[in-house]
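This is a guided reading of one structure, meant to be followed with the coordinates open. The order runs from the core to helix packing, then to backbone details and the second chain.

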Amino acid sequence: MKFATVFIIVLTVFLALVLYEGFRSAAKNKGEHDYLVAGRSMGAWVGGASIAATQMSAGTFVGTMGIHYLTGSSFLMPTIGIWLAFIFAGFVIAPKLHRYIDRRGALTFPDFIGDRYGQKLPRVIITILLIGAYVVFLSAQYQAGGIVFEQVFGIPFYWGSTLLMVFIVLYTVVGGMTAVMRTDFIQQIVMSGAVVIGVPFAINSAGGLANLSQEFASVGGDFAGWHYGWVDLLGFLMGFGFAAMVAPVLLMRFYAMRDRETCAKGSLVAVFFTMITFGCVAVIGMSMRVISPDLENADLASSVFATDVVPSVLGALMLTAVIAAVLSTVDSVLLVIGPAVSHDLYAKFIRPDASERQRMVVNRVATIALGVLPIILTFMQLDVVQFIVLAYAALIGSTVFAPLVFGMFWRKANRFGAIFAMVGGFGVCLLWYLIGQPFVSPVIPGILVNVLAMLIVCPLTKRSDPAVLKVFFDSEVAPSGRSR
Amino acid sequence: MQENIINTFGSPFSVWLVSGLVILLVAWFVVRSKWYAKIGKDDFKRNNSEKTESGLEDSEGSA
């Protein structure tokens, strides 16, 4: 049977399962609270798998595997930053976040910024940033998915990208957060399963462990050693870590989990899945250097592995894992940017008296529109998927870090500090990219300015309203039960 | 076999694997100890020493 036929069968089964789960979840949506935060009912396994699946994008299977193909095992180190970020978010940020959500009935990340720092300028800044950065990021995801279809079927990538877009928007709009997180769980199982099964085939095709060891030595002494220096690795580790720790798209999983204990356990589950998946991706990438040492582009390592090295069914599963990575990331992002329009712009500034039904309609229309918009960017054929992934995460991390963390743990954090921190952090991070990323990853100066702005500006300016501080720091505030 | 894999893929792989296992293990003990539950209650002890910890848990548990 031809590979394309096997891939169609495996992919169809996978997509049918995702669609079934998406529509099944729709029955649980009784309103905005269910649609946006899954009724805050998600457990640790689904929540943790969803965090991991959202973190893993097409870049994990294409760009990251390509980097291991080129440089060896030391690029695993940034994963440690992601683990620490998950643990910090689940054990330190999430408990505070849950207490705040309990009291204010918050549904989106800009809700937090608005409630803590002010409903107008701070909320608008963060909302527009999220929409802008995530839309660009989505274009890279669509492109990666389209390239898989192009390689397997020989069809122009924009057809595949468009097909994926329609599919993801459909089940996301229908099923909301419940669908997104439950399908993320399925997608994470596919991603981890494909690479775990792939590892023995990769090692075997490369001649076994003993042969691999010799071949790695012939590639270069640093291939199974320290290709990157500790400064580079620390930069990567902090870059990935800070970005993952405060990424709104990941924090929304904590909004949807049922309690603090679930959040803590969920972060453990996320570490578990990322450990399995990233480790196997590294092993396969490095083995591919021995199996096919002359690839014209390192990003081809995963697709060549799937089509030429492993049996058709496993190869199809590997490519389905790439599609799953695209789905799990895009659906989560859509449920951040759609509500950003309906909940944080429309309901706050345009029609404050809008009913829940109207907000839901706007939400779905916005999700569809913002799901389609990146396709236009995709058709412009942005070149380097991994760069875009890194840039968007660094920009958001540099903007959000201090306002989120200081806002929860420092009473003196105020609106002026937050605005300076957001604008300064974003600006410096962007500037660092534009001048060619001298010395360190852009997220490091970005976070530094973000934190310094908070530390310098807040003590010099007026403190936050005591009523606001009471919500975030005092224990005797009754839940407000806010409906939006 | 495990040792062979670590030898083959080198010291970064070993450091990464050990780090991951240590993080998982420590985090697991923290979950078991319910230390995380103290986060978010830092003002509780300062402002409400007369109330029990479980009392707060109940009051915060309702969304």
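The paragraphs below take up the nonpolar core, three helix pairs, some individual residues and chain B. The model is predicted, and everything said here should be read with that in mind.

A convenient starting point is the largest nonpolar core, which holds 186 residues. Among its members, A:F86, A:Y134, A:A321, A:V322 and A:I337 touch the most other members. Helix α14 of chain A, residues 312-350, supplies the largest share of this core, with 21 residues. A:V322 can be followed outward from here. Apart from neighbours within four places in sequence, its contacts are A:A58, A:F61, A:V62, A:A144, A:V148 and A:S302.

The next topic is how helices pack against one another. Two packed helices are described by the angle between their axes and the distance between the axes. Three pairs in chain A can be read in this way, and two of them involve helix α7.

Helix α7 of chain A covers residues 121-153, and helix α17 of chain A covers residues 415-434. Their axes lie 10 Å apart and make an angle of about 25 degrees. Angles under 35 degrees count as roughly parallel, so α7(A) and α17(A) are roughly parallel to each other. The crossing in which α7(A) passes α17(A) is left-handed. On the α7(A) side, the contact is made by A:L121, A:P122, A:I125, A:I126 and A:L129. On the α17(A) side, A:R415, A:A418, A:I419, A:M422 and A:F426 take part. By residue type, this contact of α7(A) with α17(A) consists of nine nonpolar residues, no polar ones and one charged.

How does α7(A) run relative to α6(A), roughly parallel or roughly antiparallel? Helix α6 of chain A spans residues 109-117, and its axis comes within 8 Å of that of α7(A), with a crossing at roughly 160 degrees. Angles over 145 degrees count as roughly antiparallel, and α6(A) and α7(A) are therefore roughly antiparallel to each other. Their crossing is right-handed. From α6(A), the residues A:P110, A:I113, A:G114 and A:Y117 meet A:P122, A:R123, A:I126 and A:T127 from α7(A). The residues of this contact of α6(A) with α7(A) divide into five nonpolar, two polar and one charged. A:P122 and A:I126 of α7(A) appear in the contact with α17(A) and again in the contact with α6(A).

The third pair brings in helix α11 of chain A, residues 248-256, which is mostly covered, with nine of its nine residues buried. The buried residues are A:P248, A:V249, A:L250, A:L251, A:M252, A:R253, A:F254, A:Y255 and A:A256. Helix α5 of chain A, residues 78-104, packs with α11(A) at an angle of about 60 degrees, and the axes are 9 Å apart. That angle makes α5(A) oblique to α11(A). The crossing of α5(A) and α11(A) is right-handed. A:A89, A:A94, A:L97 and A:I101 of α5(A) make the contact with A:L250, A:L251, A:F254 and A:Y255 of α11(A). The residues of this contact of α5(A) with α11(A) comprise eight nonpolar, no polar and no charged.

From helix pairs the reading moves to single residues. A:I147 belongs to helix α7 of chain A. A:I147 counts as buried because it has 20 C-beta neighbours inside 10 Å, and 20 or more is the cut-off for that class. From A:I147 to A:R182 the separation is 35 residues in sequence and 26 Å in space, C-alpha to C-alpha.

Backbone angles deserve a look as well. Most residues other than glycine have a negative phi. Which values do A:A38 and A:R40 take? Phi is about 55 degrees at A:A38 and near 50 degrees at A:R40, and both values are positive in residues that are not glycine. A:A38 sits in the loop between α2 (32-37) and α3 (44-55) of chain A, and A:R40 is also placed in the loop between α2 and α3. A:A38 counts as buried because it has 30 C-beta neighbours inside 10 Å. A:R40 counts as buried with 22 C-beta neighbours inside 10 Å.

Chain B remains. Its secondary structure comes to three helices and zero strands, in the pattern α-α-α along the sequence. Of the 63 residues in chain B, 19% are buried.

Notes
Residues are numbered from 1 along each chain as its sequence is written. Chains are lettered from A and ligands numbered from 1 in the order in which they are written. This is a predicted model: local features need pLDDT of at least 70, side-chain atom pairs count only at pLDDT 80 or more; totals for chains, interfaces and linings use all residues. A nonpolar core is a set of buried Ala, Val, Leu, Ile, Met, Phe, Trp, Tyr and Cys residues joined through C-beta atoms within 7 Å. A residue is buried if 20 or more other C-beta atoms lie within 10 Å of its own, exposed if 12 or fewer, and partly exposed in between; C-beta atoms are placed from the backbone. Helices (H or I, at least four residues) and strands (E, at least two) are DSSP runs, numbered from the N terminus. Two residues are in contact if their C-beta atoms, placed from the backbone, lie within 7 Å. Axes are lines fitted to C-alpha atoms, for helices over the stretch in contact, and angles run from 0 to 180 degrees between N-to-C directions. Angles under 35 degrees count as roughly parallel, over 145 as roughly antiparallel, 65 to 115 as roughly perpendicular and the rest as oblique. A crossing is left-handed if the near helix is turned anticlockwise from the far one by less than a right angle, and right-handed if clockwise. Ala, Val, Leu, Ile, Met, Phe, Trp, Tyr, Cys and Pro count as nonpolar, Asp, Glu, Lys and Arg as charged, and the others, Gly among them, as polar.
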